[in-house]
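Subject: Structure for your review

Hello,

Here is the structure we spoke of, with the sequence alongside. My notes on the ligand site and on one pocket follow below it.

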Amino acid sequence: MSRPEVVDSVAALRAQVSDWRRDGLRVAMVPTMGALHEGHLSLIRIAREKAERCVVSIFVNPAQFAPSEDLDKYPRQLARDLDLLATVKADLAFTPTVGAMYPAGFATRISVGGPSAGLESDFRPTFFEGVATVVAKLFLQATPDCAVFGEKDYQQLCVVRQLCRDLDLPVEIIGAPTIRDAHGLAMSSRNAYLDEAELAVARQLNAILRRAAAALAAGTHQDDATGEAGRALIAAGFQKIDYVEARESLTLAPWRRDHAGRVLAAAWLGKTRLIDNVEVPTV
Ligand code: AMP
């Protein structure tokens with residue numbers, strides 16, 4: 001298995017994509033921040049089913065980290081990432097530098113309303129601006145036909161869909177299911193921060209959210225279901241709950257009974273913040 005070709009300049013990226021286009025090939029993109037795991041690889045497998053060629057970007061995007069967040073300690077392991085990309089036959093890795101993405105004088109930010117309101121934004125107020133700005137840049141640089149994003153970051157997926165709709169970016173956004181370990185913990189590059197004891201607590205997050213979603217489906221009032229989930233997370237060993245909320249799946253407006261719903265949560269284990277979400281089952 002050979003590693004994908006690696007390019008770090010927009011010019012080289014565009015040259016490769018236009019060669020593919022000339023050959024009539026469809027191009028998919030999977031944006032990542034690297035430290036790849038099975039969750040990322042699942043997106044690339046989906047991308048390869050949807051298009052003949054797949055570009056994976058690896059870029060730890062400073063614009064989506066607040067000054068207090070883990071930008072400096074975020075895991076960076078390009079050689080290992082390229083080995084993993086070889087196993088799923090990604091065609092091209094795009095690894096721009098921070099200086100190339102945000103040269104001196106860079107002054108544009110994209111702010112998306114709608115689904116970005118609340119949830120993550122209440123705790124990371126500039127996060128989605130950073131995400132929308134980098135995703136718009138990546139799409140304009142690579143001009144993919146489609147792009148795959150994980151439901152693991154459910155609000156981000158909704159924000160990216162809104163971004164493309166609102167700015168007429170001609171990129172089909174494909175949502176991909178969350179990949180979990182055998183205990184239900186959503187795979188995440190940040191799981192590497194967890195020690196053994198924290199990992200045992202983290203593994204209860206998904207079951208607690210699924211219980212809340214089942215309770216909602218069974219008719220429990222949403223304040224009771226999400227309140228109980230918050231208490232269960234604290235009892236399990238999480239130190240701080242940022243939110244546990246039920247929202248409508250498509251718009252992320254507050255959930256109304258008989259509408260497709262999602263329970264979303266963010267909670268802290270020591271210095272690590274974990275997020276997860278589950279679908280409200282239909283009964
Ligand atoms: P990140 O590198 O964390 O920015 O994630 C890059 C992409 O991988 C995003 O679309 C994430 O939603 C997706 N992703 C991260 N973890 C998972 C997972 N466990 N299952 C599916 N997709 C994931």
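**Ligand site and second pocket**

β2 (27-32), α2 (38-50) and β5 (146-150) each contribute at least two residues to the shell around the ligand. Please keep in mind that this is a predicted model. The largest share of the shell, 3 residues, is supplied by α2.

In total, 17 residues surround the ligand, and those that come nearest are His40, Gly150, Asp153, Ile179 and Met187. Sorted by class, the shell holds 8 nonpolar, 7 polar and 2 charged residues.

Three polar contacts of the ligand are listed here:

- Asp153: a polar side-chain atom lies 2.6 Å from an oxygen atom of the ligand.
- Gly150: a backbone N or O atom is 2.9 Å from a ligand oxygen atom.
- Met187: a polar backbone atom lies 2.8 Å from a nitrogen atom of the ligand.

How much of the ligand does the protein bury? Taken alone, the ligand exposes 490 Å², and the protein buries 93% of that.

The other item is a pocket. The second largest pocket has a volume of about 220 Å³. It is lined by 14 residues, of which Ile58, Phe59, Val60, Arg76 and Leu78 are the closest to its centre. By class, the lining of this second largest pocket divides into 9 nonpolar, 3 polar and 2 charged residues.

Regards

Technical notes:
Residues are numbered from 1 along each chain as its sequence is written. This is a predicted model: local features need pLDDT of at least 70, side-chain atom pairs count only at pLDDT 80 or more; totals for chains, interfaces and linings use all residues. Side-chain values use heavy atoms; hydrogens and water are left out. A residue is near a molecule or strand if one of its heavy atoms lies within 4 Å of it. A polar contact is a pair of N or O atoms within 3.5 Å; within protein, one must be able to donate a hydrogen and the other to accept it, and residues adjacent in sequence count only if both atoms are side-chain atoms. Accessible areas come from the Shrake-Rupley method with a 1.4 Å probe; for residues, only the protein chains shown count as cover. Helices (H or I, at least four residues) and strands (E, at least two) are DSSP runs, numbered from the N terminus. Ala, Val, Leu, Ile, Met, Phe, Trp, Tyr, Cys and Pro count as nonpolar, Asp, Glu, Lys and Arg as charged, and the others, Gly among them, as polar. On a 1 Å grid over the protein atoms alone, a cavity is a set of points where a 1.4 Å probe fits but cannot get out, and a pocket is an open set with protein on both sides within 12 Å along at least five of seven lines; lining residues have an atom within 4 Å of a point. Grid points are joined across faces, edges and corners, and a volume is the space filled by probe spheres set on the points.
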